[in-house]
Amino acid sequence: MRQAGRSLPEYRKVREGTTMLEACTRPDLVAEITMQPVRRYGVDAAILFSDIVLPLKAIGFDLDIVPGVGPVVADPVRRHEQVDAMGELTPADVPYITEAIGLLTAELAATPLIGFAGAPFTLASYLVEGGPSKNHENTKALMYSDENLWHALMAKLTDISAAYLHVQVAAGASAIQLFDSWVGALSAVDYVRYVMPHSQRLLSSLAETGVPRIHFGVNTGELLPLMRDAGADVVGVDYRLALADAAKRVGDSVVLQGNLDPAVIFSSPSAVRTQVDAVLDSARDLPGHIFNLGHGVLPTSDPEVLAAVVRQVHERTAR
Ligand code: 1CP
């Protein structure tokens, strides 16, 4: 269960007086915040506390994570010279990640740690738009109008995310998740032409590590088979598509991850139980399933309800 949004009082307490990006560069805080939901809920895996734009900050982009907004980039990337000036990421750019993962693998013992990075399209969207976007119009304008520049930008982002994921695996992450949160804004034809070669190169560079690769997006029902073909071992499914229907689209060569609607957490206890049961029922015949909330936990979610969801999933799936 991804915790982005961080609904816990203990999270708000340790974050007091620290910006998001500062917190991401302090190994003690990264380790503590990563552990909080594991301690409270007994979830089966931890996800590193960080953000997809952190490696961009680490290589020198002037960007901030603004509370209640998200990543904001001072000088949106739209010109050749800006892409030419983008550097590579080396382990020395993110020493705190290596250190935090070292602390975490010691504390987590047998509980797996999931590392993650942004996929090139989703990172490109933040860089080109300059911040969160509904329609990704500047990103698409660049993509359609200047295909050379687009592929140059995507290739650089692929190298940065691949290097960042390799740092995490080398430090001890036992699985990685590639977040292409906004790629559902594209048609399948455009995905194949403008995105897939890059995500494929990124994911295949991770194959040699042997860790499971999870590939996630929102609104990607039409793209699932392509996201599988990009090289994933696990494909994330959002709540718009039942897991059994997603399985018909991707076959049984991959495991599915999903897909409780995060908004369900705000319903009555019996409604929450019914919805969780529906997800597990839909996953009954899958060769493998990772239960999670489609798009992470909303910040105002009630921790008691989340604890009940974890208990229910554990009760129903206990062997
Ligand atoms: O549990 C965790 O803390 C995991 C760490 C995590 C992850 C996996 C954070 C912390 N962010 C992410 C990934 C992330 N960040 C994604 C991909 C996953 C997804 O689809 O949600 C995306 C798109 C972002 C970008 C981002 N960062 C947003 C979304 C903005 C938009 O475009 O709508 C936001 C709000 C952030 C800030 C952020 N990242 C993480 C946290 C805890 C926060 C809130 C900031 C804060 O608490 O001050």
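Which residue in β9 does asparagine 259 stand opposite? In this predicted model, the residue that faces asparagine 259 is asparagine 292 of β9. The pair belongs to an open sheet of seven strands, and the points below take up that sheet, then a ligand with 26 residues around it, and finally threonine 158, a residue of helix α9.

**The sheet**

- The seven strands of the open sheet follow the order β1-β4-β5-β6-β7-β8-β9, and their pairing is parallel.
- The edges of this sheet are formed by β1, which spans 46–47, and by β9, each of which pairs on one side only.
- At the β1 edge, the pairing with strand β4 (residues 113–118) is parallel and rests on two bridges, with alanine 46 having leucine 113 as its bridge partner in β4.
- At the β9 edge, strand β8 (residues 255–260) runs parallel to strand β9 (residues 289–293), and the two are joined by five bridges.
- Between β8 and β9 the chain passes through helix α13 (residues 269–282), giving a β-α-β crossover that is right-handed.
- As a general point, the strands of a sheet pair through backbone hydrogen bonds, in either a parallel or an antiparallel arrangement.

**The ligand and its surroundings**

- Of the 26 residues that surround the ligand, the closest are Arg6, Tyr11, Asp51, Tyr126 and Ser181.
- Helix α1 (9–15) and strand β3 (70–73) each contribute at least two residues to the shell around the ligand.
- Oxygen atoms of the ligand are approached by polar side-chain atoms of two residues, with a distance of 2.7 Å for tyrosine 11 and a distance of 2.9 Å for arginine 15.
- On the side of aspartate 51, an N or O atom of the side chain lies 2.7 Å from a nitrogen atom of the ligand.
- Taken on its own, the ligand has 870 Å² of accessible area, of which the protein covers 84%.

**Threonine 158**

- Threonine 158 lies in helix α9, which comprises residues 147–171.
- Threonine 158 counts as buried because its relative accessibility is 1%, whereas the cut-off for a buried residue is under 20%.
- Beyond its neighbours within four places in sequence, threonine 158 is in contact with Pro120, His198, Arg201 and Leu202.
- Threonine 158 and glutamine 200 are separated by 42 residues in sequence, while the distance in space between their C-alpha atoms is 9.4 Å.

Conventions. Residues are numbered from 1 along each chain as its sequence is written. This is a predicted model: local features need pLDDT of at least 70, side-chain atom pairs count only at pLDDT 80 or more; totals for chains, interfaces and linings use all residues. Side-chain values use heavy atoms; hydrogens and water are left out. Two strands pair if DSSP finds at least two bridges between them. Helices (H or I, at least four residues) and strands (E, at least two) are DSSP runs, numbered from the N terminus. A crossover is right-handed if, with the strands pointing away from the viewer, the path from the first strand over the helix to the second runs clockwise. Buried means under 20% relative accessible area, exposed over 50%, partly exposed in between (1.4 Å probe, protein chains only). Contact means heavy atoms within 4.5 Å. A residue is near a molecule or strand if one of its heavy atoms lies within 4 Å of it. A polar contact is a pair of N or O atoms within 3.5 Å; within protein, one must be able to donate a hydrogen and the other to accept it, and residues adjacent in sequence count only if both atoms are side-chain atoms. Accessible areas come from the Shrake-Rupley method with a 1.4 Å probe; for residues, only the protein chains shown count as cover.
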